[in-house]
Amino acid sequence: MIAFNKKAFAVRAPALEWLALGSVLLVGVLISTYFIWDERALSTTADVERMRMQALVISESINRQLDGARNALVSTRAAMLPASDCRANCRELLLQSLKSAMPGVRALMVVDRNGNIVISNDDIGDSQLDDRDYKRKIETMRSPDTLYLSDPYENTRGVFNIKLSMAILNADGSSNGAVCAILNPEYFNAVMRSALYARDMNSAITESSGRHILFVPADPAEMRHPGPVSDMLFTRHQRSHLAETVLRGAAGGEQRLVVQRTMPENGLGLDRSLVVSLSRSQAAVNRGWLGLLLAVGIAWLVFGFTTGGVLAFVQRRRRLMEALAQANADEQSAAAQKVELALSGANLGLWDWNITTDMRIVDERAAAMLGYTPQELNTGSIHWRQLTHADDLPGLDATIAAHLENNAVPFEAEHRMRHRAGHWVWLQSRGKIVERGEDGKALRMLGTRMDISARKQAEAEIAHLAFYDGLTNLPNRRLLLDRLHHAISRMERSNSYSAVLFVDLDNFKSLNDTMGHDVGDRLLQMVAFRLQDVTRDTDTVARLGGDEFVILLEDLGNDRAHATSNSANIANKIVETLSDAYLLEGHDLRSTPSIGVVVFGAEHHTVNDLLRQADMAMYEAKAAGRATFRFFDPRMQVELDSSASLESDLRMAIQRQELQLHYQPVVDTNACVAGVEALLRWKHPSRGMIGPGEFIPQAEKSGLIVELGAWVLETACLQLVHWAASEKTRHLTMAVNVSARQFRQPAFVEKVLSILERTGADPYLLKLELTESMLLTDMDDVIVKMTTLKQHGVSFALDDFGTGYSSLSYLQLLPIAQLKIDRSFVQDMLHTRHASSIVRAIVTLAHSMDLNVVAEGVENHEQWSALADIGCKAFQGYFFGRPVPVQDLRLKAPAESPAMVAANCCEPPLSLVEHDQTCINNL
């Protein structure tokens, strides 16, 4: 107040009367304040000292009582030990004596580890403990020197008891029970009450966890609280780590003065610390000096109100103005700090633009983004427009102009500025007009700039990854399709021609599997490099996926023939370049391309059409021997559509029961049927009978051959079962052709055995015909499958023998029972010496290896006779019968057949007559 009035006097320079009046009032206030403050200090100090003394008395009284209880428990425990001479009567007398010597102890007792009372001198005469929580804790008492204090519990309603216990331990340290002293609540209440000298006081003993052990005056609800009581004053005492504290604060809804004293350990060995607290209402403590304050205050106010009203008003007004000014200063300082933190955290630089002079002033962060200091940029020697990229200035000026014209349009622009080191830095600038002239013209803008170079680089990389292949860095499918769309649109407008080349690497999968994916990836990278090297910069070389590349050649001229010639030249270069050796991992690798080319011009095209046509042409190149190129021919599309339609119908053929088996007889030297070969036929609902040469290749290509082969095998086995029911047909064998794709299925053997088991067919009558081409790969797998099936009775025939390239040594390794001479040798054997020699050699080889021989394609009597003369004993061909449905099959050739005439026998249809016994004997 003195400093305040001196300052007012110095600032305002009041008149002498005001100075005198102020001095008188000030002296009066100081004297009154001094006396009141002194009275308050004396009153509070007296109460505090008295409460501290009472807390000390309570602490010492309880400490002595607990020490006596500890000694009693130690004596009791010693008497309970097995080595003690004290027996039952002695122990009871000891307990009684100890209890009588200690007024604060209601009872002494001994309990076992389960809480059952062993011995007790309780006046109430309990036979068991009435504190269930205590029983559960006996087992945890493992320290022989610790004095365990229980939680308060009610023995009778409203009377709270506390137990003191010491553990009785076995030799191994485990619990064997405890000795207990039940403290007399009335004694402790009396001790606690003796310290209360005012009605507004209360006292308590609180354990270290915050739970009240004793509370005076009694508060049952407070004592029954199972956990620690929320008491901030107690918490502050604990945190202070002082033996005694004097605190003021809210407690029980009022302000209280609290003295808390932590009881000293003094060798008690308690398992928890205890705090004695005495509290008194702060209002009661303050009542004396507050009355004096009120009286003096009223007198001073009455005196000063009439004489110092004006001065008080002036002083109050000055204080308010100063406070307001300080608040404004603080607010501005805080706002400035927040702005600085925000700018620093966001890495934003500030710029201040004087629009009239076109000068910008930047702060240190804004200058550092370009490698300069603020002094270098703010002097005007380096203009901000000189540093801005020329391509970005028009857009930047347009954005600024829009903001200057309409303040509602925000100014935000991304542009490049040259760094001191010479490179360009991407910046994001934001700002707004902060000052306008009287005519509304913008005079000044304030804004920020942020370095977004990293973001721009990331966006560029993301855009690159979206349109370019990660391995070869070529345009990917997405970018290729986009450029194809643009090329098609441009061709329609310019009436010129372009071309699409579909490049596929031959046998890349084998190389990738053999050499590893790392080598395969490097090969693709080298292929990409070579493709770019032989094409123009204006052409697009893209990787479609895997080992497939697509090249878009644009602007090949306005003449289709010229464009075709240019495309062929480039395709030739690509074939030559990609066919050169690649040096990878020390290996000289070679990979040739197959290329499909489609030339397009102003006629209507779609991207998918061009890619599909180029793909079709590429497969034509592969079919032509690979390492070459082929142009798309519209007939390819027709064949493709026809093939797709045929495949679709073939998928439904089995479900619609359009497939049939025809059987061609295999006869002996007497033209009697010894067996048949099952041949698949398809009766199409609209196209009529379709030969196997037309649909079998399509089934092989699409993978349907596996399903068709299973159907053929099962149908043939069912026919064998049907024939087995008749004496005249049960001897017939069944030959079934097996495709390479079907045979290479991992579960082929299991499938065959499953069909045999399901149909019940005799496996010894089943013969599977294989071609020599099936023996060229994975010979070990072929041997295992054939050996397994042979062990179950299935035999094998090698079809079209002599036309393949397999080694004759395979005949020793494979369990083959029959060789079938190809029809080409049989038809030429009467006309060429070479064919006749081959047939004779095959028959001789078969006989020497104990193999049966069947000659296919026998069409006349001369061929039959010639074959019979060299030792062939089984024949098949049109001379004996064409493939026919089962109901038209005969056991001998028809009567009009020359073979039948030569054999001098005739046989009606198989289903109508009894079998000729002669044929059976000959078989």
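Q: What makes β1 and β6 a pair of strands?
A: In this predicted model, 6 bridges join β1 (residues 105-111) to β6. Pairing needs at least two bridges, so β1 and β6 count as paired. The two run antiparallel. One bridge partner couple is Val111 and Ala178, the latter in β6.

Q: How do you know that β5 pairs with β6?
A: The bridge count settles it: 7 bridges join β5 (residues 159-169) to β6. The requirement is at least two, so β5 and β6 are a pair. They run antiparallel. Ser165 has Cys180 of β6 as its bridge partner. The hairpin of β5 and β6 has 5 residues between the strands, and Gly173 takes a positive phi near 90 degrees there.

Q: Why is β6 described as largely enclosed?
A: Buried means under 20% relative accessible area. In β6 (residues 175-183), 8 of the 9 residues are buried, so the rest of the structure largely encloses this strand.

Q: What makes β8 and β9 edge strands?
A: Each pairs on one side only. The open sheet has 5 strands in the order β8-β7-β11-β10-β9, with antiparallel pairing. Its twist averages 20 degrees from one strand to the next.

Q: How do you know that β9 pairs with β10?
A: There are 8 bridges between β9 and β10 (residues 254-262). At least two are needed, so β9 and β10 are paired. Glu244 has Arg261 in β10 as its bridge partner.

Q: Which strands does α7 touch as it packs on the sheet?
A: Helix α7 (residues 232-240) touches β7, β9, β10 and β11. Contact means heavy atoms within 4.5 Å. The direction of α7 makes about 155 degrees with that of β9.

Q: What makes one side of α7 its buried side?
A: Leu233, Phe234 and His237 are the buried residues of α7. They cover an arc of only 100 degrees around the axis, so they lie on the same side of the helix. These buried residues pack against β7, β9, β10 and β11. The face turned away from the buried side carries Met232 and Arg239, which are exposed.

Q: Why is Asp231 called a cap of α7?
A: A side-chain oxygen of Asp231 lies 3.1 Å from the backbone nitrogen of Leu233, at the N-terminal end of α7. The cut-off for a polar contact is 3.5 Å, so this pair falls within it. After α7 comes His241, with a positive phi near 60 degrees.

Conventions
Residues are numbered from 1 along each chain as its sequence is written. This is a predicted model: local features need pLDDT of at least 70, side-chain atom pairs count only at pLDDT 80 or more; totals for chains, interfaces and linings use all residues. Side-chain values use heavy atoms; hydrogens and water are left out. Helices (H or I, at least four residues) and strands (E, at least two) are DSSP runs, numbered from the N terminus. Axes are lines fitted to C-alpha atoms, for helices over the stretch in contact, and angles run from 0 to 180 degrees between N-to-C directions. Buried means under 20% relative accessible area, exposed over 50%, partly exposed in between (1.4 Å probe, protein chains only). The arc is that of the directions from the helix axis to the C-beta atoms. A polar contact is a pair of N or O atoms within 3.5 Å; within protein, one must be able to donate a hydrogen and the other to accept it, and residues adjacent in sequence count only if both atoms are side-chain atoms.
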